[in-house]
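Subject: Structure handover

Hello,

Here is the structure you are taking over. Please look through it first; my notes on what was found follow below.

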Amino acid sequence: MLAPCTFIVFGATGNLARIKLLPAIYHLEEVGRIPDGSAIVGFSRRKFSNDEWREHVASTLKDKARGGLKNEVFERLSKRLHMVSGEMTDADSLQNLKTYIDANNLPKNLIFYMAIPPTQYTKVSQAIADTGLHQEEQGWRRLVIEKPFGYDSESAQVLNAKLHEHFTEKQIFRIDHYLGKAMVQNVLIFRFANLMLEPLWNRNYIDHVQITHSESLGISGRAAFYDGVGAMRDMIQSHLLQMLTLVAMEPPPNLDAESLRDEKVKVLKSIRPIAKRAVNAHAFRAQYGAGEVNGEHVQAYLQEEGVPAHSTTETYAALKLYIDNWRWRNVPFYLRTGKRMAQNSSVISIRFKHPPQQLFRQTQIEKIKPNWIILGIQPHECMRIEMQVKQPGLELNTHTTSLDASYCTHTDYQLDAYEALLLDIIENDRSLFLRYDEIAWAWGVVDPVIKQWDIERDYIHTYPAGSWGPPEVNKLFDRDDHYWRDALDQKED
Ligand SMILES: NC(=O)c1ccc[n+]([C@@H]2O[C@H](COP(=O)([O-])OP(=O)(O)OC[C@H]3O[C@@H](n4cnc5c(N)ncnc54)[C@H](OP(=O)(O)O)[C@@H]3O)[C@@H](O)[C@H]2O)c1
């Protein structure tokens, strides 16, 4: 049986807590996975009594609970909910938190969840230490850090050093919520639980790999956060590079956290560094203009509230990488992400090479289409192998058929990544959290690009909102027959 804990959410009134953390906690309560006797303590500047806070949480959960808010579940959860208000960087407020925990006899195992602006991470960890709350005298301590972890290599290093002044590596949980997605974990199962794939999973058979994350939403009023950050820092440095490591890594000796993370780091270390003079050949950026998304006119990035008039922050970024190891040498990995694109979609597409002999050249088929493996991460969880078969009839024609290795549909039961991750924190399983060296190497991959882009601030390509991005990005392709797989659909060429 797991020991009870006190789960403290700094920034409990913020967006992340509202859309992700509180619903995840509710769903864990529903399935009885929160250890008996545990408490959830919200912390923010806005003042609430405990009763007001419980009402606030209930109204937040009303439209977020799967299948509607269930009274008996919320009653159980409600008994765990507490609120302490104060300035979280201030020693007196943190002392109040400590006094509250002691006075109410809350469990002495403490989780500090930083659902706060990244600029506050080190200040809050310092304030925690100043009150002695970080000391593991009467229970364990865990510190959860949200993304982004730093702004570039140097700032990530400084942040890490500051956190380590008071917390050990084993106490720090760095979140990349993509790793909590079931389908991302399924990449490992797909690769390592199926022997038939392994002989094909290398440069001899794979032509290239594409990883796409597209969003139809814009910046949703978050200009203050987004402008100056951009798609390369926000998405590629974290989620897309993590997906790349799972596709490219060697099988780990076992599934414990360190073995998995060791293998991911080896991939990141093997990525060919992008030289300053080669940035334009490897990376591309653009910004959305006005356009139409789902039948509605939407404004350009520069017209969004709070965006400076001449901003060149990229809302679209693409990157071509090579992994210089035995398995992947000279296989391009194309990564791209964008806001205000045609669809919401995260897909890993793996294209195989053509068969060595063009056996059908003299027939009506002429050109055989290559095989693809498509791993849909969201919204459709999907594993599909595309193959060529003969069309029924007298003529020798082919068409593409898919072997669906799992369901390719929306399911009603959508487990959110945060449910899995919060449970892992409570259970002290760090395999889906980032070790610092993963983050450092990932920053190392994108640093030359962001540094160059930070200098070149006079021009940026644009693409109409609602499109799949600008055609100029195709200059990244190594060969003429490379093209983007947009979402799950096969482009007939
Ligand atoms: N939102 C998302 O979808 C999302 C996704 C992934 C990662 N993240 C990360 O999660 C973190 C939180 O993001 P968010 O979108 O939730 O931010 P947010 O909506 O701005 O919320 C920030 C929270 O911090 C509190 N706060 C700020 N300064 C404070 C202070 N000095 N003392 C006490 N409380 C303070 C605010 O509460 P009061 O104003 O009431 O004090 C608020 O509850 C960020 O690091 C972000 O990058 C967010």
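Are H1 and H3 roughly parallel or roughly perpendicular to each other? The model is a predicted one, and in it helix H1 and helix H3 (residues 71–78) pack at an angle of about 110°, their axes being 9 Å apart. Angles from 65 to 115 degrees count as roughly perpendicular, and H1 and H3 are therefore roughly perpendicular to each other. On the H1 side, Tyr26, Glu29 and Glu30 make the contact, and they meet Val73, Arg76 and Leu77 of H3. Sorted by class, this contact of H1 with H3 has 3 nonpolar residues, 3 charged ones and no polar ones.

Helix H1 (residues 15–30) also has a part in the surroundings of the ligand: with 3 residues, H1 gives the largest share of the shell. There are 20 residues around the ligand, and those that come nearest are Gly11, Gly14, Asn15, Leu16 and Arg45. By class, the shell around the ligand holds 8 nonpolar, 7 polar and 5 charged residues.

Next, the sheet. An open sheet is formed by 6 strands, ordered E3-E2-E1-E4-E5-E6, with parallel pairing. Strand E3 (81–85) and strand E6 (172–174) are at the edges and have a single partner strand each, so one side of each has no neighbour in the sheet. On average, and with direction ignored, neighbouring strands of this sheet are turned by 20° against each other.

One pair within the sheet can be described further. Strand E4 (residues 110–114) pairs with strand E5 (residues 141–145) in the parallel sense, over 5 bridges. In this pair, Leu110 stands opposite Arg141 of E5. Helix H5 (residues 121–130) lies across E4 and E5 as well as strand E1 (6–10), and H5 runs at about 155° to E4.

The last item is a single residue, Gln388, which has its place in strand E15 (residues 382–390). Is Gln388 buried or exposed, or does it count as partly exposed? Gln388 has 15 C-beta neighbours inside 10 Å and therefore counts as partly exposed, since 20 or more would make a residue buried and 12 or fewer exposed. Leaving out residues up to four places away in sequence, Gln388 touches Ile368, Lys369, Thr398 and Thr400. From Gln388 to Phe352 the separation is 36 residues in sequence and 12 Å in space, C-alpha to C-alpha.

Regards

Technical notes
Residues are numbered from 1 along each chain as its sequence is written. This is a predicted model: local features need pLDDT of at least 70, side-chain atom pairs count only at pLDDT 80 or more; totals for chains, interfaces and linings use all residues. A residue is near a molecule or strand if its C-beta atom, placed from the backbone, lies within 6 Å of it. Helices (H or I, at least four residues) and strands (E, at least two) are DSSP runs, numbered from the N terminus. Ala, Val, Leu, Ile, Met, Phe, Trp, Tyr, Cys and Pro count as nonpolar, Asp, Glu, Lys and Arg as charged, and the others, Gly among them, as polar. Two strands pair if DSSP finds at least two bridges between them. Axes are lines fitted to C-alpha atoms, for helices over the stretch in contact, and angles run from 0 to 180 degrees between N-to-C directions. Two residues are in contact if their C-beta atoms, placed from the backbone, lie within 7 Å. Angles under 35 degrees count as roughly parallel, over 145 as roughly antiparallel, 65 to 115 as roughly perpendicular and the rest as oblique.
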